[in-house]
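Biologist: I have not read a model like this before. Could we go through it one feature at a time?

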Amino acid sequence: MGGMSVRTQSPEPPESSGATHRAGFACFVGRPNAGKSTLTNALVGQKVAITANQPQTTRHTVRGIVHRPDAQLILVDTPGLHKPRTLLGERLNDIVRTTWAEVDVIGFCLPANEKLGPGDRFIAKELASIKKTPKIAIVTKTDLVDGKTLAEQLIAIDLLGKELGFEWAEIVPVSAVADKQVDLLADLIVPLLPEGPALYPEGDLTDEPEQVMVAELIREAALEGVRDELPHSIAVVVEEMLPREDRPADRPLLDIHAFVYIERPSQKGIIIGPKGKRLKEVGIKSRKQIEALLGTPVFLDLHVKVAKDWQRDPRQLRKLGF
């Protein structure tokens, strides 16, 4: 044994087509902007996770589901693991570790165009402590580098595993953007899943409740352009989503009432903007995305509320769904 295997072509199909069906869970981990959400979207074939180059935007378990004749792969998106500074941070890290221990495969995403850094080591160390779960190193964004850089990255990743005392199940270079080796990645994950019937019906792409996905879209739009001023101090709660009554069947309208929670009154002006202009833009932008997601016209009613220091208050955290 020893040596490093890097996959660039599909494993041989098994001799018999004896229909063993597999179904199970995988999660992608990696630093913010390592390409996790883009990869999820490429595998599932449509936008499910919220992509952002900021940690903690995918706070809820957004699952994308890859349906194949021989298998069903359910992608669980855990929040980013980071050094906790607040109660929220600690709680998120607990969720991460629990999820890693429960899934069947962990894919560690490492961008080809950035050298391994302390953040990657921090995550790899945590991975090393989760003994049972097979770990695949996924080198993302290979479209951005030349062959030499890619080869160096593959060797560095192989060594990182050895250094921490574990063996990668596979090391796979992919480019979700150029759609290179994405199917191969699925081919390599599938054999690591337990045998069993599909766990979700064929049509499902995500089992995330629509309300949570809508809240994510609003939160994304609200953070656009003010991330530096309010990086994590925004939470969005969708209070209700109801079809408007007395509308003809061919012209439905969905009423959505949502609250944008911030920590301090001083942040209110930043979110609302001069004469309410910014909040209006947030509404327009997120409404378009919500309509695309749900496939129906939407009336979006947005209000900004102050929930004092919600990141540090267990009661508020529970109320806001953490």
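## Reading the helices, strands and loops

Modeller: Start with the span of a helix. At 1.5 Å a residue, the 16 residues of helix α2 (residues 87-102) should span 22 Å, and the end C-alpha atoms of α2 are 23 Å apart, which agrees. Bear in mind that this is a predicted model.

Biologist: Which residues of α2 are buried?

Modeller: They are Leu88, Gly89, Leu92, Asn93, Val96, Thr99 and Trp100. Looking down the axis of α2, these buried residues fall within an arc of 135°, so they line one face of the helix. Ala101 and Glu102 are exposed, on the face of α2 turned away from the buried side.

Biologist: How far should I trust the model as a whole?

Modeller: Look at the confidence score. The protein chain has an average pLDDT of 82, and 82% of the residues score at least 70. Residues 49-60 have a pLDDT below 50, and in the model this stretch makes 53 contacts beyond near neighbours in sequence.

Biologist: How many helices and strands are in the protein chain?

Modeller: The protein chain has 9 helices and 9 strands. Of its 322 residues, 47% are buried. For contacts between residues at least 6 apart in sequence, 72% join residues at least 24 apart.

Biologist: How do I read the side chains of a strand?

Modeller: In a regular strand, side chains alternate between the two faces of the sheet. Take β5, residues 135-140, as the case here. Lys135, Ala137 and Val139 point one way from β5, while Ile136, Ile138 and Thr140 point the other way. Both sets are buried, which gives 6 buried residues out of 6 in β5.

Biologist: Which strands pair with β5?

Modeller: One is β4 (residues 105-111), which runs parallel to β5 and is joined to it by 6 bridges. Within that pairing, Cys109 stands opposite Ile138 in β5. From β4 the chain passes through helix α3 (residues 118-128) to reach β5, and this β-α-β crossover is right-handed.

Biologist: And the other partner?

Modeller: That is β6 (residues 170-173), which pairs with β5 in the parallel sense over 4 bridges. Here Ile136 has Glu170 in β6 as its bridge partner. The unit made by β5, helix α4 (residues 147-163) and β6 is also β-α-β, and it is right-handed.

Biologist: Can we treat α4 as we treated the earlier helix?

Modeller: Begin with the span again. α4 has 17 residues and reaches 24 Å from its first C-alpha to its last, close to the 24 Å expected at 1.5 Å a residue. Its buried residues are Leu150, Gln153, Leu154, Ile157, Asp158, Leu160 and Gly161. Down the axis of α4 they fall within an arc of 155°, so they line one face of the helix.

Biologist: What covers the buried residues of α4?

Modeller: The cover includes β4, α3, β5 and β6. On the other side of α4, Lys148 and Glu163 are exposed. After α4 comes Gly165, which has a positive phi, near 80°.

Biologist: Is Ile155 in α4 buried, exposed or partly exposed?

Modeller: Ile155 is partly exposed, because its relative accessible area is 46% and the partly exposed class runs from the 20% limit for buried to the 50% limit for exposed. The C-alpha atom of Ile155 is separated by 9.7 Å from that of Val6, although the two are 149 residues apart along the chain.

Biologist: What does a residue in a loop look like?

Modeller: Try Gln267, in the loop between β8 (254-262) and α7 (268-272). Gln267 is buried because its relative accessible area is 4%, and buried means under 20%. Leaving aside neighbours within four places in sequence, Gln267 is in contact with Leu230, Ser233 and Ile262.

Biologist: Where is Lys285, and which residues is it in contact with?

Modeller: Lys285 is in helix α8 (residues 277-294). With neighbours within four places in sequence left aside, Lys285 is in contact with Ala221 and Glu224. Lys285 is partly exposed, with a relative accessible area of 34%. Its C-alpha atom and that of Leu217 are separated by 9.1 Å, and the two residues are 68 apart along the chain.

How values were computed. Residues are numbered from 1 along each chain as its sequence is written. Side-chain values use heavy atoms; hydrogens and water are left out. pLDDT is the predictor's confidence in each residue, from 0 to 100. Contact means heavy atoms within 4.5 Å. Helices (H or I, at least four residues) and strands (E, at least two) are DSSP runs, numbered from the N terminus. The expected span of a helix is 1.5 Å times one less than its number of residues. Buried means under 20% relative accessible area, exposed over 50%, partly exposed in between (1.4 Å probe, protein chains only). The arc is that of the directions from the helix axis to the C-beta atoms. Two strands pair if DSSP finds at least two bridges between them. A crossover is right-handed if, with the strands pointing away from the viewer, the path from the first strand over the helix to the second runs clockwise.
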